[in-house]
Every structure is written in structure tokens, then in C-alpha cells.
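Here are some short exercises to work through with the model open beside you. Try each task first, then follow the solution step by step.

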Amino acid sequence: MPWSNGGGVTREVAVHPPGAGWDAFAWRVSLADVTRDGPYSPLPGVRRILTVVDGAGLELTVDGAPQLLPGPGRCRPFAFPGAAATDSRLLDGPVVNLNVMLREGRAAATVEMVRGSRVVWPRRRPADGGAEGADDPQEVLVVAVEGRIRLAEDGAHRAQLERFDAALLTGPDAAAAGLWTDGTAAVIALSAAGPDRD
């Protein structure tokens, strides 16, 4: 969908609860094509984590403080409040941003850029509200940023992701998955609190 200010196009990757609209999501992950300099729309009550996953990078100015966000190879996630006055300047042509949006008080997330291999494991919090596992992610979203990603469960091949493909590992019976990449994968661990939990 096009941005309201005309500065780019956004592709939704995943949202929680599933099918939630703009006013109802706890968390939302998207890929945004940014084609020109300009301000970001203010998003009160939303925390953002932005990573440049294609292009030379951009300079993001948040409440007057500049932050350089390089592109792939050196990309790193940057978190900031959605209500902050935010402006961006492209360093050398269009970029693609991986955006994680979290409704404050209703969701939390970490974003890690992974090269090589690792194990990813979504876990559920105890039904009785106990402390054990309270900080574990409920869902893990894997996005192929560069190269190919292979996912395996119990040693069996389950999926191969090409650039900008994604896989959501979720559910009470979700098992650990092995991840191998010849490029870079974004591993996003997500949790929702309160009524937004399944």
C-alpha cells in the first residue's frame, strides 16, 4: 500500500492478532520501499525498530538527533518511539526498510541480524502465569535479507526462503528450528501481552 505522504510503498509481512487493522494490531512487521527524503508519520503509542535491508542506507533524525543507518553488510536495527518527530535522508538512492511496530504495553520484540547458522525456538509462556519462561518469545519471524535461508525441524528440511521471503514460527507446539543462511537473515522474536495472546 502507498504511504499517505507519497514517500514510498509498504508491504505487510505479518501482524498480530492475524488480520488486525492499523488501529488493532499488537505488533506488525513490514517491508517499506523508501524512494525519497522526507518526514515519517507520527505514530503515538507505537515503538518502532527499523533496519535498512536494501540500498546504501539512510540518515534518520529522531527528535533532532541524527542516526546513520547503513545498508546490508553493515545494517543494524534501530529502535525509536513512533511519536518522535522523525525525518529521513537517503544516502545514495532508494532503500528498503524492515519495520517492526509494537503497540506500547501490548507487545515486545528483539531484532537480530544472523549470518551463518543458529537455532530459533518460539516458546509459550506458562498458562498459569508462572515466572519460568516469562521472557521467552511467543513467536519468531524469520525474514531472508540476503541470500537463501534453509529451515529444518528435527533434522528434516522444512522450507527454503529466498530474498524477502518470511516464515513465522508460532503455536504452542512449535519446535526448535535450525536456520542456515549463505547471506543474512533477520530473526525477530515477538511477544504479545494480555488479550492479544492466542
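**Exercise 1. Locate Phe-164 and describe its backbone and its exposure.**

Step 1: Phe-164 sits in the loop between β13 (156-161) and β14 (166-169); strands here are DSSP runs of E with at least two residues, numbered from the N terminus.
Step 2: Its phi is positive, about 70 degrees, although Phe-164 is not a glycine.
Step 3: The relative accessible area of Phe-164 is 18%, so the residue is buried. The classes are buried under 20% relative accessible area, exposed over 50%, and partly exposed in between, with a 1.4 Å probe and protein chains only.

Before going on, a note on the source: this is a predicted model, in which local features need pLDDT of at least 70 and side-chain atom pairs count only at pLDDT 80 or more, while totals for chains, interfaces and linings use all residues. Residues are numbered from 1 along each chain as its sequence is written, and side-chain values use heavy atoms, with hydrogens and water left out.

**Exercise 2. Do the same for Asp-63: where is it found, and is it buried or exposed?**

Step 1: Look in the loop between β5 (57-62) and β6 (65-70) for Asp-63.
Step 2: Asp-63 is not a glycine, yet its phi is positive at about 50 degrees.
Step 3: With a relative accessible area of 56%, Asp-63 is exposed.

**Exercise 3. Find the peptide bond from His-16 to Pro-17 and state its geometry.**

Step 1: Go to the loop between β1 (8-16) and β2, where Pro-17 has its place.
Step 2: Read omega for the bond from His-16 to Pro-17: the value is near -5 degrees, and the bond is cis.

**Exercise 4. Which residues of the largest nonpolar core touch the most other members?**

Step 1: Recall the rule: a nonpolar core is a set of buried Ala, Val, Leu, Ile, Met, Phe, Trp, Tyr and Cys residues joined through side-chain atoms within 4.5 Å.
Step 2: In the largest such core, which has 24 residues, the members that touch the most others are Leu-98, Val-100, Leu-102, Ile-188 and Leu-190.
Step 3: At least two residues of this core come from each of β2, β4 (46-54), β9 (95-103), β10 (107-120), β11 (139-146) and β15 (177-192).
Step 4: There is also a second, separate core of 14 residues, with Val-140, Ala-144, Ile-149 and Leu-169 among its members.
Step 5: Now centre on Val-100. Leaving out residues up to four places away in sequence, its contacts (heavy atoms within 4.5 Å) include Val-29, Ile-49, Val-111, Ile-188 and Leu-190.

**Exercise 5. Trace the salt bridges of Asp-33 and Glu-12.**

Step 1: Apply the criterion, a side-chain nitrogen of Lys or Arg within 4 Å of a carboxyl oxygen of Asp or Glu. The count comes to 6 salt bridges.
Step 2: Asp-33 pairs with Arg-11 at 2.9 Å, N to O. Asp-33 belongs to strand β2 and Arg-11 to strand β1, so this pair ties together parts 22 residues apart in sequence.
Step 3: Both ends are partly exposed: Asp-33 at 26% relative accessibility and Arg-11 at 35%.
Step 4: Glu-12 meets Arg-28 at 3.0 Å, N to O. This pair links strand β1, which holds Glu-12, with strand β2, which holds Arg-28, 16 residues apart.
Step 5: Here Glu-12 is partly exposed at 43%, whereas Arg-28 is buried at 7%.

**Exercise 6. Why does the pair of Phe-78 and Phe-80 count as stacked?**

Step 1: Rings of Phe, Tyr and Trp (its six-membered ring) pair if their centres lie within 6.5 Å; planes under 30 degrees apart are stacked, over 60 edge-to-face, and the rest tilted. The structure holds 2 aromatic pairs.
Step 2: For Phe-78 and Phe-80 the ring centres are 5.7 Å apart and the planes are at 20 degrees, so the pair is stacked.
Step 3: Phe-78 is buried at 17% relative accessibility, and Phe-80 is buried at 2%.

How values were computed. Helices (H or I, at least four residues) and strands (E, at least two) are DSSP runs, numbered from the N terminus.
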